[in-house]
Amino acid sequence: MNAVKTTCPYCGVGCGVLAAPRKDGGADISGDPQHPSNFGKLCVKGSALGETLGDHGRLLYPQMHGERVGWDAALDHVAQGFRKIIDEHGPDAVALYVSGQLLTEDYYVANKLMKGYVGTANIDTNSRLCMSSAVAGHKRAFGEDLVPISYEDLELADLVVLVGSNTAWCHPILFQRIVKAKEQRPEMKIVVLDPRRTATCELADLHLPLRAGTDVTLFNGLLTYLHQHGVVDTKFVDGHTTDVERTLAIADNTAGDLRSVARACRIEPSVLGEFYRMFARTEKAITAFSMGVNQSGAGTDKVNSIINCHLLTGRIGKPGMGPFSITGQPNAMGGREVGGLANMLAAHMELANPTHREIVQEFWKSPAIVAKQGLKAVDLFNAIDEGKVKAVWIMATNPVVSLPDADKVKSALSKCELVVVSDIIEKTDTAAYAHVLLPAAGWGEKDGTVTNSDRRISRQRAFLPLPGEAKPDWWIIGEVAKRMGYAEGFNFSGAHEVFDEHARLSAYRNEGSRCFDINGLSGLDRQGFDAMDPIQWPVLADAKGTPRLFENGRYFHADGKARFIPTPPRGPAHATDAEFPLVLNTGRIRDQWHTMTRTGRSPKLASHIPEPFVDMHPHDALMSGVRDGELVRVATRWGALVARLKTTPEQGRGAVFVPIHWNNQFASDARVGALVNPAVDPVSGEPEFKHTPVRVEAFGVAWHGFILSRDALDVDGVTWWTRIQGQQFIRYELGGRGVVQNWNELGRTLLNAESPDADWLEYSDKTAGIYRGVLMDGERIKACIYVSPRPDLPSRAWLSGLFGKKKLEDIDRVGLLIGEPVNKQADTGPTVCSCFGVGRNTITDAIRKRGLKTAGEVTACLKAGGNCGSCVPEIKSLIAQCAAIAEETAA
Ligand SMILES: Nc1nc2c(c(=O)[nH]1)N[C@H]1C(S)=C(S)[C@@H](COP(=O)(O)OP(=O)(O)OC[C@H]3O[C@@H](n4cnc5c(=O)[nH]c(N)nc54)[C@H](O)[C@@H]3O)O[C@H]1N2
Ligand SMILES: Nc1nc2c(c(=O)[nH]1)N[C@H]1C(S)=C(S)[C@@H](COP(=O)(O)OP(=O)(O)OC[C@H]3O[C@@H](n4cnc5c(=O)[nH]c(N)nc54)[C@H](O)[C@@H]3O)O[C@H]1N2
Ligand code: SF4
Ligand SMILES: [Mo]
């Protein structure tokens with residue numbers, strides 16, 4: 001079967017994918033060798049896309065109050081519900097909360113409905129939580145939300161500074177392009193600014209573990225340093241910028257000399273000095289930044305403090321240099337292009353600009369056009385909580401998990417008169433609060449476009465039939481619009497028509513005043529749209545596309561100049577104190593995507609990090625009285641969770657790190673959003689996700705345990721649990737309180753095997769509190785449970801392997817009862833390489849026994865790291881650890 005060219009639905013790198021549908025309803029996935037983002041490579045999440053397809057867990061039919069209904073009933077109900085509330089309370093009493101994971105066409109229609117027809121700007125998106133500080137920073141500096149560079153520039157650069165970005169895990173293919181460039185030109189330098197030592201640091205020549213939240217001080221210090229050392233492009237500054245003097249004065253006043261900056265940022269002065277010198281002497285420098293910058297109460301200032309350094313040195317608009325905001329979601333950029341934020345209009349036009357409003361309304365021929373900003377995400381949910389917004393329609397995002405102070409989101413939704421949720425998955429933490437659930441078409445089933453981090457518009461193409469009664473998001477929105485009485489604006493016969501309207505609007509009365517112009521892509525019919533190749537905007541009439549912006553030195557403020565923005569540093573909204581002495585930092589892991597609704601279904605992705613954790617420096621753990629491997633309670637003023645403690649010196653002192661992914665579908669109590677403070681950046685409204693004062697304390701349990709089971713089980717009665725999909729089983733990790741009188745009984749209850757003729761292997765030592773129970777299904781294993789008072793339980797990797805066997809051998813049975821493999825090699829250890837399923841023990845064994853010295857040698861020997869390469873930084877770190885141990889033993 002011919003493979004369909006499409007685009008990966010995960011991160012903003014925007015890799016091209018070839019999907020070849022199979023007869024069994026799945027698809028074979030590979031990288032598209034012709035796509036300019038990835039040239040055929042895919043990271044581990046992209047490679048595992050095939051495992052996330054299929055009907056299992058999908059929302060297949062519209063539902064109202066938990067009952068299946070027809071589309072007509074559901075759409076009528078939504079349209080009438082919105083209509084009634086608008087008529088009674090005005091347009092600002094309703095809202096849409098959408099997502100950077102919608103396609104541009106979906107987003108365009110949603111934005112048009114709210115801003116041109118309903119007449120409210122109450123449409124905000126999860127991009128508020130992600131990119132809004134970058135958007136605001138770009139607008140302040142450039143006059144428009146513009147990302148100057150192209151991915152090739154990263155390969156041309158002599159210095160790449162990665163600020164608050166765990167690129168190795170979050171944008172793996174972009175990271176690999178940087179790795180390759182550095183391999184070819186070892187003189188290329190990489191600097192990482194991150195309070196943690198992340199996998200990304202494996203590539204770094206220099207890692208600056210700065211104190212959380214001090215980026216502005218650090219870049220103000222750099223600006224001063226550059227100025228003092230005469231690293232100034234005077235011609236560029238004079239001809240193409242404004243406000244340099246004021247900005248320099250404020251930077252100088254607030255940053256001070258190198259020593260005081262180093263003290264404020266808690267970095268060795270020599271290391272900071274080395275970074276400043278490196279930046280000063282390297283013309284071709286790129287400063288790439290991501291959530292460690294954006295998600296801060298000073299996020300917009302962080303962005304501008306970075307851009308200021310590029311403006312002063314004139315390092316922008318030329319090959320291999322510039323500031324670079326790495327986008328998170330696959331279509332964070334597309335959403336900005338259609339203006340799908342509460343403070344934007346459409347096609348990069350401004351709500352506050354009367355001419356822009358006139359242009360958009362004239363083009364839409366719409367009954368209304370909004371003149372005032374709508375509510376930004378955090379304020380929007382506050383307004384729902386206060387009863388000011390009475391109907392909300394949530395699409396392609398899971399705010400009960402992903403917003404700060406997330407328990408408040410729950411309470412807001414439970415009070416709201418009308419909650420509509422469009423999703424592809426039936427059971428999510430947010431869907432639980434929906435009155436109406438609408439089944440959306442997912443990746444592989446719908447058509448449209450996405451724009452990646454370097455402004456490249458790529459097609460997502462359908463290669464599977466729509467499951468159940470699922471429909472594309474743009475269709476659903478259009479049908480509701482029609483039922484609200486707005487038929488004239490929403491008669492689209494396909495995504496291509498929506499895209500064409502969007503493209504024409506971008507050019508309408510533009511005359512070069514707005515950089516976002518894709519006129520060259522207008523007029524495409526269905527075939528033309530289907531044939532569209534990836535292209536970087538602006539796309540003018542010649543349809544050539546634009547790799548790099550600002551080459552002519554022209555910016556998009558009225559005077560055509562870029563602006564320096566003074567950025568006096570300020571601390572986080574909430575400081576640590578005796579009660580909450582540490583900083584809670586939250587972020588991502590390599591193999592999960594956000595709230596896990598898709599990646600959580602893939603056994604391959606589950607194996608890397610199977611349960612929620614807290615990373616903590618060993619000294620902080622000692623001070624908090626908690627121990628590695630135990631369960632701990634992590635508490636802030638806003639909420640608490642329980643997760644497994646991992647102590648590591650890679651986590652800087654004074655802060656802890658908790659992943660964002662786990663939620664009530666996957667764990668009893670690990671939704672970190674509930675702990676995050678709701679402070680936002682005053683300019684962008686982006687929440688301060690990376691800085692909440694926190695305390696970590698022991699969470700005492702009487703027993704630790706785990707279950708691997710071929711069937712899903714009900715473990716709700718256990719104090720603490722988390723579950724994840726394995727290759728042929730579901731894995732449950734458990735923590736129990738209370739004295740267990742009869743282990744055999746508990747084991748049988750948990751494994752759902754009370755029947756007297758169940759075939760059991762059991763071992764129980766009541767005094768030691770150890771219990772091992774294995775339920776057989778003929779000659780193969782059906783489920784097993786292991787319990788101990790300490791978290792020193794048998795290797796899950798070894799037991800996972802036994803689930804693959806049709807017939808257990810005697811030696812396996814012995815191993816099951818003694819709780820360890822008789823043949824030690826059977827324990828491969830926790831998975832490092834998800835693609836080939838290679839475990840840590842296998843890798844360290846090979847490193848030691850065969851004296852492997854490089855990641856390349858490990859790949860040659862074990863294949864690990866040879867497919868997507870996402871685990872190469874971890875392999876390198878294992879090589880270094882083995883070498884350190886060998887050295888210690890020798891000494
Ligand atoms: N595997 C995976 N990849 C993803 C995603 C995913 O869910 N999983 N999500 C995608 C999305 S939407 C996004 S937005 C991106 C996010 O991509 P990243 O921004 O790279 O990811 P995060 O882990 O959120 O945070 C990045 C780093 O910021 C650091 N940091 C915290 N505070 C500070 C600070 O004050 N200063 C500095 N300089 N650094 C700080 C954190 O320690 C962390 O390592 O990833 C995208 N890619
Ligand atoms: N503490 C903390 N919180 C954070 C962050 C952090 O760093 N720390 N990061 C923030 C950032 S940057 C982001 S981007 C957000 C992400 O947070 P969310 O957007 O809440 O997370 P997702 O799991 O990606 O949610 C997407 C939802 O859309 C559904 N879906 C998938 N495809 C489709 C489709 O085609 N149509 C429809 N209608 N639905 C679909 C999925 O099943 C899922 O329920 O989290 C934010 N929250
Ligand atoms: S880097 Fe990975 S997740 Fe991101 S677009 Fe490429 S394949 Fe998808
Ligand atoms: Mo994001």
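This section describes the domain layout of the predicted model and the surroundings of ligand 2.

The protein chain is partitioned into six domains. Domain 1 spans residues 4-52, and domain 2 is built from two segments, 63-130 and 331-536. Domain 3 covers 132-325. Domain 4 (582-698), domain 5 (703-825) and domain 6 (831-890) make up the rest of the assignment. The centres of domain 2 and domain 5, calculated over C-alpha atoms, are 47 Å apart.

Ligand 2 is surrounded by 30 residues, of which Gln101, Asn126, Ser402, Asp423 and Thr595 come nearest. Both domain 2 (63-130 + 331-536) and domain 4 (582-698) supply at least three residues to this shell. By residue class, the shell comprises 12 nonpolar, 12 polar and six charged residues.

Several polar contacts link ligand 2 to the protein. Two of them involve a nitrogen atom of the ligand: a polar side-chain atom of Thr586 is found at 2.8 Å from a nitrogen atom of ligand 2, and a polar backbone atom of Ser422 lies 3.1 Å from a nitrogen atom of ligand 2. A further contact involves an oxygen atom of ligand 2, which is placed 3.3 Å from an N or O atom in the side chain of Trp593. Of the 930 Å² of accessible area that ligand 2 has on its own, 98% is covered by the protein. The space that ligand 2 takes up is the largest cavity.

How values were computed
Residues are numbered from 1 along each chain as its sequence is written. Chains are lettered from A and ligands numbered from 1 in the order in which they are written. This is a predicted model: local features need pLDDT of at least 70, side-chain atom pairs count only at pLDDT 80 or more; totals for chains, interfaces and linings use all residues. Side-chain values use heavy atoms; hydrogens and water are left out. Domain bounds come from an automatic or database domain assignment. A residue is near a molecule or strand if one of its heavy atoms lies within 4 Å of it. A polar contact is a pair of N or O atoms within 3.5 Å; within protein, one must be able to donate a hydrogen and the other to accept it, and residues adjacent in sequence count only if both atoms are side-chain atoms. Accessible areas come from the Shrake-Rupley method with a 1.4 Å probe; for residues, only the protein chains shown count as cover. On a 1 Å grid over the protein atoms alone, a cavity is a set of points where a 1.4 Å probe fits but cannot get out, and a pocket is an open set with protein on both sides within 12 Å along at least five of seven lines; lining residues have an atom within 4 Å of a point. A molecule sits in a cavity or pocket if more than half of its atoms lie within 2 Å of its grid points. Ala, Val, Leu, Ile, Met, Phe, Trp, Tyr, Cys and Pro count as nonpolar, Asp, Glu, Lys and Arg as charged, and the others, Gly among them, as polar.
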